Amino acid sequence: MKILHTSFIDDDYAKIFADILELIKKLNDAESILEYFTTGMKYILEIKDYDFDVMHNKVNLIIPERSETFMSTANKLREEGKLDGIKKGIKEGRKEELIETIVHLTVKKLDIDSFPKELEKSLYNNEIGTLKIIRDNLLTIKSLEDLEEYLN
């Protein structure tokens, strides 16, 4: 609950993180300690861009005997988050490219001045798989209505 509360407080974040570490320190079971820390870190890293140096200093100060394990876990979680972000960015880039291709080729093929904004919005609301099907079938599309059929 304390971690959830801190997601909305910027000024006292270092103090609250220290309080959380103090609570974790009171646990006796090593497995539970790491589990609570990992869960808390996943949440913190999803909602905050927290300074790892500050975090490391707090862990060293409050739970020095767990510092190496905790920071290894924190770094691993941070790296996983970066990889997830990169993968998401690549996927979004592929989707953007597919939509641009569909729009460009449809405008050329149908010899129209511009692509309807509502139809373009509809493309963005579809999955990559659907967009690939549309791209692969652009040669058979004879009107905007044909294209809309793929989107419904």
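Select E96 first. In this predicted model, E96 is partly exposed, at 32% relative accessible area. Its place is helix α5, which covers residues 67-110. Now add E92, E97 and E100 to the selection. Together with E96, these residues form a negative surface patch. Patch members need over 30% relative accessible area, so E96, at 32%, passes that cut-off.

Stay on helix α5 and select L77. This residue also belongs to α5. Is L77 buried or exposed? L77 is buried, because its relative accessible area is 12% and the cut-off for buried is under 20%. Add M41 and draw a distance between the two C-alpha atoms. The separation is 7.6 Å. Along the chain, L77 and M41 are 36 residues apart.

Next, go to D111. This residue sits in the loop between α5 and α6, the latter spanning 117-124. Check the backbone. What is the phi of D111 near? The value is near 50°, which is positive, and D111 is not a glycine. Most residues other than glycine have a negative phi. As for its surroundings, D111 counts as exposed, with 70% relative accessibility.

Move on into helix α6 and select K117 and E120. Their side chains meet in a salt bridge, with 4.0 Å from N to O. The cut-off for a salt bridge is within 4 Å. Where do the partners sit relative to each other? They are three residues apart in helix α6, which means a separation of about one helical turn. K117 is exposed, with a relative accessible area of 65%.

How many salt bridges does a search of the whole structure find? The search finds two. For the other pair, select R135 and D136. These residues form a salt bridge, and their closest N and O atoms are 3.0 Å apart. Colour the pair by accessibility. R135 is partly exposed, at 34% relative accessible area. D136 is exposed, at 54%.

Now jump back along the chain to L27. This leucine is in the loop between α2 (13-25) and α3 (30-47). L27 counts as partly exposed, at 30% relative accessibility. Show its contacts, leaving aside neighbours within four places in sequence. What is L27 in contact with? The partners are S32, I33 and Y36. S32, I33 and Y36 fall within the span given for α3, residues 30-47.

Finish with the whole protein chain. Switch to cartoon view. There are eight helices and zero strands. Read along the sequence, the pattern is α-α-α-α-α-α-α-α. Then show the surface. The accessible surface of the chain comes to about 10300 Å². Carbon and sulfur atoms hold 51% of that area. Colour by burial next. Of the 152 residues in the chain, 32% are buried; L77 is one of the buried residues.

Last, draw a contact map. Take the contacts with a separation of 6 or more. What share of them comes from residues 24 or more positions apart? That share is 64%.

Note on methods:
Residues numbered from 1 in each chain as written. Predicted model: local features only at pLDDT ≥ 70, side-chain atom pairs only at ≥ 80, totals over all residues. Heavy atoms only, no water. Patch = residues over 30% accessible without salt bridge, like charges linked within 9 Å, V, L, I, M, F, W, Y side chains within 5 Å. Areas by Shrake-Rupley, 256 points an atom, 1.4 Å probe, with all protein chains shown as cover. Lys, Arg positive; Asp, Glu negative; His and termini not counted. Charge placed at Lys NZ, Arg CZ, Asp CG, Glu CD. Helix = DSSP H or I, 4+ residues; strand = E, 2+ residues; numbered from the N terminus. Buried < 20%, exposed > 50% of the residue type's maximum accessible area, 1.4 Å probe, protein only. Contact = heavy atoms within 4.5 Å.
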